[in-house]
Amino acid sequence: MVKEFKSTNELIEILNSKGVSIKDENNVRYLIEKYSYYSIVNSYKRIFKIGENYKDNASFEEIFTVYKFDKNLKIIIKNTEKRTLSFKYILEIEAVIKTKIANLFAEKYGLENYLDINNFDLKNDNSNLEYIEKLIEEIKKEIVKGNGKHDAITHYMNKYGFVPPWVATKILSLGTISKFYGLMKQQDRQEISKQFHINDKILKNILGNLTSVRNIAAHDDRLYTYRSTFYIRLDKTKKCPDKPLYTNMYIIIKSLELLLENEQAIEMKKLITKELDILKDNLTSITIDEVLKVMGFDKYYYIV
């Protein structure tokens, strides 16, 4: 059953009744009306509760601190400058992957007929055929949609009647590129993945997870608690346990570092550790270790 609307004052009363302290009621009212109670409290309260009860000394300001940390984490994943709208680190990886796929397909399969189903991994039993056909149809639709709107698409269609791989990949989403890579022939996937010094399965899983992370950041959903069964096995020395393995935020960060240039990886790490320092200094009812545990951090990445 859908809950009925509650005024800001009623929401503040609910917080008081549950033992959540409020230092500045006017500021709390301002923040709830600006960002919404659901976005702040409902989305970030779990780490502050034991069962149905809040931990001792839990405050709205502390919950908002975690909300703000997660918001800044999404900004870092998206971009370094808050004024920009680009997804800097993921966009960087996306651009590199698109270029590598386009160059490989252009060289091996030509500029015009690269979207032939036989250029993809059909498998011995043709089990991938339906997925490949859907991918090709999706790409062709994007090309038709871009004709007349995208300068390069329009130019090539008008002059040559087709769009080469390096132009087609530019207009594809990260999700489509992730599917594209996953449906490539294994030797082609390996040719690209070895340039990052990882195997093709790991790269496939990284791209799948980055698609999800980008969507979460774009829609301003909670990111620091990220969990996915699409597991990225970065540590080959660990044996597979009986219980399912999950990709968490720490693995996402390490995956980004793996694909970025060294100076970009260092820059990103500095930004994240700075936000963790700020968060640590503003926690009262929980510790930074509890946040790091939820994120799945390795103790050596961030030393308290």
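Trainee: Which residues are buried in H2?

Mentor: This is a predicted model, and in it the buried residues of H2 are Val-28, Leu-31 and Ile-32. As a general idea, an α-helix has 3.6 residues a turn, so residues three or four places apart point the same way. In the present case the three buried residues cover an arc of only 100° around the axis, which puts them on the same side of H2.

Trainee: Which residues are exposed on the other side of H2?

Mentor: Asn-26 and Glu-33 are exposed there, whereas Val-28, Leu-31 and Ile-32 are buried.

Trainee: How should I read a helix such as H10, and which of its residues are buried?

Mentor: The same reasoning about helical turns can be applied again. Helix H10 runs over residues 186–193, and its buried residues are Asp-188, Arg-189, Ile-192 and Ser-193. Seen down the axis of H10, these residues fall within an arc of 130°, so they line one face of the helix.

Trainee: What covers the buried residues of H10?

Mentor: The cover includes helix H5 (88–109), helix H9 (174–182) and helix H11 (200–218).

Trainee: Arg-189 is a charged residue in that list; with which side chain does Arg-189 meet in a salt bridge?

Mentor: The partner is Asp-200, and the N to O distance of this salt bridge is 3.1 Å. The pair links distant parts of the chain, with Asp-200 in helix H11 and Arg-189 in helix H10, 11 residues apart. To read burial here, recall that a residue counts as buried when its relative accessible area is under 20%. Arg-189 is buried at 10%, and Asp-200 is also buried, with a relative accessibility of 8%.

Trainee: Which residues are linked with Arg-189 and Asp-200 in a network of salt bridges?

Mentor: The network also holds Asp-121 and Lys-123, whose side chains meet in a salt bridge with an N to O distance of 3.6 Å. Asp-121 is buried, with a relative accessible area of 17%, while Lys-123 counts as partly exposed at 44%.

Trainee: How many salt bridges does the structure hold, counting those we have discussed?

Mentor: The structure holds 14 salt bridges. Another one of them joins the side chains of Asp-220 and Lys-74, at 2.9 Å from N to O. This pair links distant parts of the chain, since Asp-220 lies in the loop between H11 and helix H12 (249–259) and Lys-74 lies in helix H4 (residues 60–78), 146 residues apart. The two partners differ in their surroundings: Lys-74 counts as buried at 2% relative accessibility, whereas Asp-220 is partly exposed at 39%.

Trainee: What should I look for in the backbone, and which value does phi of Asn-57 take?

Mentor: Most residues other than glycine have a negative phi, and most peptide bonds are trans. Against that background, phi of Asn-57 is near 75°, a positive value in a residue other than glycine. Asn-57 is placed in the loop between strand S2 (53–54) and H4, and counts as exposed at 61% relative accessibility.

Trainee: Where is Asn-126 placed, and what is its phi?

Mentor: Asn-126 sits in the loop between H5 and helix H6 (129–146), and its phi is positive, at about 60°, although Asn-126 is not a glycine. At 42% relative accessibility, Asn-126 counts as partly exposed.

Trainee: Turning to another loop, where is Gly-19 found?

Mentor: Gly-19 is found in the loop between helix H1 (8–17) and helix H2 (25–35), and is partly exposed, with a relative accessible area of 49%. The C-alpha atoms of Gly-19 and Lys-55 are separated by 8.6 Å, although these residues are 36 residues apart along the chain.

Trainee: How can I place these details in the whole chain, and how many helices and strands does the protein chain have?

Mentor: The secondary structure comes to 14 helices and two strands, and the C-alpha atoms fill a box of roughly 65 × 50 × 40 Å along the principal axes. Of the 304 residues, 45% count as buried. Among contacts with a separation of 6 or more, 60% are accounted for by residues 24 or more positions apart.

Trainee: How far apart are the mean positions of the positive and negative charges?

Mentor: They are 2 Å apart, for 49 positive and 42 negative charges. As for the surface, the accessible area of the protein chain comes to about 17,300 Å², of which 49% belongs to carbon and sulfur atoms.

Methods. Residues numbered from 1 in each chain as written. Predicted model: local features only at pLDDT ≥ 70, side-chain atom pairs only at ≥ 80, totals over all residues. Heavy atoms only, no water. Helix = DSSP H or I, 4+ residues; strand = E, 2+ residues; numbered from the N terminus. Buried < 20%, exposed > 50% of the residue type's maximum accessible area, 1.4 Å probe, protein only. Contact = heavy atoms within 4.5 Å. Areas by Shrake-Rupley, 256 points an atom, 1.4 Å probe, with all protein chains shown as cover. Lys, Arg positive; Asp, Glu negative; His and termini not counted. Charge placed at Lys NZ, Arg CZ, Asp CG, Glu CD. Arc of directions from axis to C-beta. Salt bridge = Lys/Arg side-chain N within 4 Å of Asp/Glu carboxyl O.
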